[in-house]
Amino acid sequence: MKELVHIELVEGEDALLAGAVDAILDEAAKAQGHPFEGRKVQLRALDADGKMLGGLIGAHLQRWFFVKLLAVSPEARGSGIGAQLLARAEAMAREDGLVGIYLDTFEFQAPRFYLREGYREIGRLPKIGDAPPRIWFAKEFWESGSTT
């Protein structure tokens with residue numbers, strides 16, 4: 001007979017819990033021969049006065065670079081900062097020998113931006129009721145074994 005398991009809701013952020021869950025996933029991936037590299041990347045765009053205009057948070061994940069967050073402040077949108085942040089992340093990923101970048105966005109956010117930056121749609125969650133579609137994009141660096 002199986003023992004009952006107690007599952008509890010943890011309110012707020014718990015760094016210890018997040019670390020423990022990451023460790024379980026990392027160990028399982030390592031056992032399968034696919035350890036997570038785990039390099040975290042944080043980029044910040046500042047104006048001449050040091051005011052933050054935007055940023056990008058991402059990480060290496062199975063030879064891909066995953067963009068978790070990319071945001072530009074409302075007053076700086078349309079100025080090319082998002083494209084500069086993404087280009088810097090792409091350059092770093094190429095230098096690190098990664099195969100490409102992937103990310104997701106909601107339909108109401110920036111799908112046209114990513115298409116304009118050379119990304120292609122690779123999947124989506126559909127619109128259901130008032131839940132907007134979520135779209136995944138990728139840009140591959142290696143085609144037929146090349147790094148161009």
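Reader: What makes the contact between Glu75 and Lys51 a salt bridge?

Author: A salt bridge needs a side-chain nitrogen of Lys or Arg within 4 Å of a carboxyl oxygen of Asp or Glu. The side chains of Glu75 and Lys51 meet at 2.9 Å, N to O, so the pair fits that definition. This is a predicted model, in which local features need pLDDT of at least 70 and side-chain atom pairs count only at pLDDT 80 or more, while totals for chains, interfaces and linings use all residues. Residues are numbered from 1 along each chain as its sequence is written, and side-chain values use heavy atoms, with hydrogens and water left out.

Reader: What does the pair of Glu75 and Lys51 tie together?

Author: Glu75 sits in the loop between S3 and H2 and Lys51 in the loop between S1 and S2, so parts 24 residues apart in sequence are tied together. Helices (H or I, at least four residues) and strands (E, at least two) are DSSP runs, numbered from the N terminus.

Reader: Why is Asp104 called buried?

Author: Buried means under 20% relative accessible area, exposed means over 50%, and partly exposed lies in between (1.4 Å probe, protein chains only). Asp104 has 18% relative accessibility, so the residue counts as buried. Its side chain meets that of Arg134 in a salt bridge of 2.6 Å, N to O. Arg134 has a relative accessible area of 29%, so the label there is partly exposed.

Reader: How do you know that Glu107 and Arg124 form a salt bridge?

Author: Their closest N and O atoms are 3.7 Å apart, so the pair meets the definition too. Glu107 lies in the loop between S4 and helix H3 (111-116), and Arg124 in strand S5, 17 residues apart. Salt bridges that share partners join Glu107, Glu121 and Arg124 into one network.

Reader: Why are S1 and S5 said to stand at the edges of the sheet?

Author: Two strands pair if DSSP finds at least two bridges between them. The open sheet has 6 strands in the order S1-S2-S3-S4-S6-S5, with mixed pairing. Strand S1 (40-46) and strand S5 (120-125) each have a single partner strand, so one side of each is left without a neighbour in the sheet.

Reader: How do you know that S2 and S3 pair?

Author: Strand S2 (residues 52-61) and strand S3 (residues 64-72) are joined by 8 bridges and run antiparallel, so they satisfy the rule for pairing. One of the bridges matches Gly54 with Val72 in S3.
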